[in-house]
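Dear colleague,

Please find below the structure that I agreed to pass on to you. I should be grateful if you would look through it alongside the notes that come after it.

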Amino acid sequence: DQRDAVTFLLARMEQANAETRPWSVVERLHAGEHPVAVFRDLRAMTCDDLAAAVGVEPAVIAAIEAFEQEGGIRLLLAIARVLQVDLDDLVPWQDDHEPT
């Protein structure tokens, strides 16, 4: 059932990272929000902050968060480092959004 699946994913996240995450993060990810936006908010960063930290325009971060583009592997690795998450944490949970 759906609740068990979410609980399993939360346990997997906690096991992969030493950091525990608030339930609100799991809820937002499960609701289909882009992980970059969720973890950026968790780190109390703005789009501009994250963009500056990884060396891109804020519009690039906004496009990734809006599922308008996927972003290259190097960009996602840089984002993961800044947000202090694993690269696989930035993969959306749902496949409802097709990049253009």
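The notes below concern one helix, a core, and two loop residues.

Please bear in mind that this is a predicted model.

Helix H3

Helix H3 spans residues 35-42, and six of its eight residues are buried, so the helix is largely enclosed by the rest of the structure. The buried residues are Pro35, Val36, Ala37, Val38, Phe39 and Arg40.

Arg40 deserves separate mention. This arginine belongs to helix H3, and it counts as buried because its relative accessibility is 10%, where the cut-off for buried is under 20%. Which polar contact does the side chain of Arg40 make with another side chain? The partner is Asp41, and the contact is 3.3 Å. In addition, a polar atom of the Arg40 side chain lies 3.0 Å from the backbone oxygen of Met45. With residues up to four places away in sequence not counted, Arg40 touches Met45, Thr46, Cys47, Leu50, Glu65 and Leu83.

The nonpolar core

The largest nonpolar core comprises 19 residues. Within it, the residues with the most contacts are Val36, Phe39, Leu50, Ile61, Ile79, Leu83 and Leu90. Two or more residues each come from helices H2 (23-30), H3, H4 (47-54), H5 (58-65) and H6 (73-83). Helix H6 gives the most, with five residues. As general background, nonpolar side chains in soluble globular proteins tend to be buried together.

Leu50 links this core to the arginine described above: its contacts, leaving aside neighbours within four places in sequence, are Val36, Arg40, Met45, Ile61, Ile79, Val82 and Leu83.

Two residues with positive phi

Most residues other than glycine have a negative phi. Two residues are therefore worth inspecting in view of that general rule.

Ala44 follows H3 and is found in the loop between H3 and H4. Its phi is positive, near 55°. Is Ala44 buried or exposed? At 67% relative accessibility, Ala44 counts as exposed, the cut-off being over 50%.

Phe67 is found in the loop between H5 and H6, and its phi is also positive, at about 60°, although it is not a glycine. Phe67 is buried, with a relative accessible area of 14%. The two loop residues thus carry opposite labels, with Ala44 exposed and Phe67 buried.

With kind regards

Notes. Residues numbered from 1 in each chain as written. Predicted model: local features only at pLDDT ≥ 70, side-chain atom pairs only at ≥ 80, totals over all residues. Heavy atoms only, no water. Buried < 20%, exposed > 50% of the residue type's maximum accessible area, 1.4 Å probe, protein only. Helix = DSSP H or I, 4+ residues; strand = E, 2+ residues; numbered from the N terminus. Polar contact = N/O pair within 3.5 Å; in protein donor to acceptor, adjacent residues only side chain to side chain. Contact = heavy atoms within 4.5 Å. Core = buried A, V, L, I, M, F, W, Y, C linked by side-chain atoms within 4.5 Å.
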